Amino acid sequence: MATKVVMPTLGLTMTEGTIEEWKANEGDKVNKGDVLFSVSTDKLTNDIEAEESGTLLKVVHPAGSVVECKKTIAWIGEEGEAIPEDDGDEAPAEDAAPEAAPAASAPATASEPAADGKKSVVVIGAGPGGYVAAIRAAQLGADVTVVEQEYLGGTCLNVGCIPTKSILHSAELYEQVKSQAANIGVDVEGVSVNFGQVMKHKSEVSAQLVGGIGGLFAANKITKIDGSAAFTGEKQLEVTKADGSKETLTPDAIIVASGSVNATPPIPGVGKDENPACIGSTEALELEEIPKSMVVIGGGVIGLELACAYATFGTKVEVVEALDKMLPILDQDIVAVGVSHLENMGVGFHLSCTVQEVEKTAVGGKVKCVDKDGNNLEFEAEKVLVAVGRRSNTEALNLDAAGIKNDRGRILVNDKMQTNVPGVYAIGDCVFGKAMLAHTASAMGEVAAENIMGIAAEYDQSTCPSCVYMEPEAASVGMTEDEAKAKGLDYKVGKFPMMANGKAIIANGGEGLVKIIADSKYGQVLGVHIAGPRATDLIAEGALAIKVEATLDELIETIHSHPTISETMREAALDAEGRVIHMPPR
Ligand code: NAI
């Protein structure tokens, strides 16, 4: 039976291609593996091989035609064989809305502009989602009001990313002075941690950045209301202000950016009220003294970053994780580097270990667990850090009054960040099914603001990096090797150790590696994973590679400056192509 030849999909975002040239004419014999035609997109030209042997019965689209991916462009079969009248192409399917999310519904611009001709937008929450959304909407001409109940900058700037990174920087410097200074010819006497100053510096950094947002609001003429907002109707909010007064707002559009709060697992004895030794990440960033010991429940991002900081300051840390691996979101080759570093610092890791109860003791708390073999394990410590995830902060918003669909409080949105209610958008940690990260919230904020202001925009998670600021840093974008395997993809892997890079040796002794996953046929970069110094900065090249559908060749042909750690990226690409320079051949 005749087989159809279709326009291939050569990249994650390719929707159509131009047939540059047919290498065979109708009636010619072709063999499987012969180049049959060449196709070009805006960024690449590829020769496409015949997948079947036979006679080229019919060319449906001649050279020069632009054809949608997966559409039939030719038929191959037995000589003289008839081809089906129906070319088998189905009508183009509508873009499916994300599972459990509302389809793109009414246009973003649901209401008429305000009396002064400006569209009015209210943003609930001034975290990295809300404040970025507010600035973008103001740039595009909206009259923007932000309602914030606590602090500008949200969790990220006040009790999350920024304070954690500031404390980790103190820890890193302390560790470097202890472990490297003498070796590299810098003698430091009596190095010690002044924990009060660590915390003071952290607070100053946060305050500086929070102040910066205040300045940006003023410069963009954004109104800030100190208070909390709750829905009283579809696009109607009641704001309870800090002074107790109330105001009703009925803007043209609303962006919900209310973030998330630490989740408390249903484990007996784990509540802060029951036992002050049990703390969440917020309290861990406000301690007055370095604890002698700490049990971390949850080997996720928060758990490992804080385990790293406190272990460096001298705390004896034990990490208890319910799953059989740490940081399942990252490529496990990368996780292994960080875990082994922390183990060398004395951190204990206990996998497949389920916490049953936390008992209050004179020391602080005793964490009682059962491992996968049914053994009972106990870890007693001054502090028990509960880092088992975060939940959306929407309880007080009264989503039901507006009829906003949600999954246990996490708001359902499409890629335009629209909820099911026209004119109401949601972004950041309070939405369902997306990464809970500051940079995703900001990206979503810009998308929401642009859609409200009439610029079509969609949130694209494919370029979203995950970063873990432990020692050494870990960062990842795109597909992990496990995911490529699970999808049955034909992929190749390139790896390059930091140990073979001059700048990395100088920075941290050469601990870490870069790993690139690329599609075997065209070398398209599918995933980049890094452990090592400045991994969280380097990952931007990987994210860009994925965005522009770069191939290994393109990474290789890009000159990387020397001496830099970025050279490891190019070397990993070279390794995937079997031509690595600074390592012996595999
Ligand atoms: P997480 O989801 O990353 O990790 C929580 C871990 O706790 C999981 O591995 C889970 O298996 C484990 N767990 C859950 N219940 C448990 C139990 N009863 N006993 C033992 N282990 C248990 O959540 P995490 O670390 O709290 O972070 C929350 C959010 O904040 C995440 O979305 C994270 O991406 C974000 N975040 C991002 C940072 C970054 O980008 N560098 C830094 C800090 C947080």
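Buried means under 20% relative accessible area, exposed over 50%, and partly exposed in between (1.4 Å probe, protein chains only). The exercises below use these words throughout.

The model is predicted: local features need pLDDT of at least 70, side-chain atom pairs count only at pLDDT 80 or more, and totals for chains, interfaces and linings use all residues. Residues are numbered from 1 along each chain as its sequence is written, and side-chain values use heavy atoms, with hydrogens and water left out.

**Exercise 1. Place S293 and find the partner of its side chain.**

Step 1. Locate the residue. S293 is found in strand β17 (residues 293-297). Helices (H or I, at least four residues) and strands (E, at least two) are DSSP runs, numbered from the N terminus.

Step 2. Check its exposure. S293 counts as buried because its relative accessible area is 15%.

Step 3. List its contacts, meaning heavy atoms within 4.5 Å. Leaving aside neighbours within four places in sequence, S293 touches T315, K316, E380, A381, E382 and K383.

Step 4. Look for a polar contact. This is a pair of N or O atoms within 3.5 Å; within protein, one must be able to donate a hydrogen and the other to accept it, and residues adjacent in sequence count only if both atoms are side-chain atoms. A polar atom of the S293 side chain lies 2.9 Å from the backbone nitrogen of E382.

**Exercise 2. Describe the packing of helices α1 and α9.**

Step 1. Choose the descriptors. Two packed helices are described by the angle between their axes and the distance between the axes. Axes are lines fitted to C-alpha atoms, for helices over the stretch in contact, and angles run from 0 to 180 degrees between N-to-C directions.

Step 2. Read the values. The axes of α1 (residues 130-139) and α9 (residues 438-452) come within 8 Å and cross at roughly 30 degrees.

Step 3. Name the residues that meet. From α1 come V132, A133, R136 and A137; from α9 come S442, G445, E446, A449 and E450.

Step 4. Sort them. The contact holds 4 nonpolar, 2 polar and 3 charged residues. Here Ala, Val, Leu, Ile, Met, Phe, Trp, Tyr, Cys and Pro count as nonpolar, Asp, Glu, Lys and Arg as charged, and the others, Gly among them, as polar.

**Exercise 3. Work out what encloses helix α14, and follow F496 to it.**

Step 1. Count the buried residues. Helix α14 (residues 567-576) has 9 of its 10 residues buried, so it is largely enclosed by the rest of the structure. Among the buried ones are T568, E571 and A572.

Step 2. Identify the cover. It includes strands β30, β31 (513-519) and β32 (525-531), with helices α12 (535-547) and α13 (552-557).

Step 3. Take one residue from β30. F496 lies in this strand (residues 491-497). F496 is buried, with a relative accessible area of 1%.

Step 4. Trace its contacts. Beyond four places in sequence, F496 touches N501, L513, V514, T568, E571, A572, V580, H582 and M583. The C-alpha atoms of F496 and V514 are 5.3 Å apart, with their positions 18 residues apart along the chain.

Step 5. Check both ends of α14. P563 lies in the loop between α13 and α14, and a cis peptide bond joins H562 to P563, with omega about -5 degrees. Just after the helix, G578 has a positive phi of about 70 degrees.

**Exercise 4. Compare the settings of R408 and M417.**

Step 1. Read the backbone angles. Phi is near 45 degrees at R408, a positive value in a residue other than glycine. M417 also has a positive phi, near 70 degrees.

Step 2. Place them. R408 is in the loop between β25 (406-407) and β26 (410-411). M417 is in the loop between β26 and β27 (424-426).

Step 3. Check exposure. R408 is exposed, with a relative accessible area of 77%. M417 is buried, at 0% relative accessibility.

**Exercise 5. Find the polar contacts of the ligand.**

Step 1. Pick the nearest residues. Of the 22 residues around the ligand, I302, E305, E321, G389 and C467 come nearest. A residue is near a molecule or strand if one of its heavy atoms lies within 4 Å of it.

Step 2. Start with ligand oxygen. One oxygen atom is 2.6 Å from an N or O atom in the E321 side chain. A backbone N or O atom of G389 lies 2.8 Å from an oxygen atom of the ligand.

Step 3. Turn to ligand nitrogen. A nitrogen atom of the ligand is 2.8 Å from a polar backbone atom of C467.
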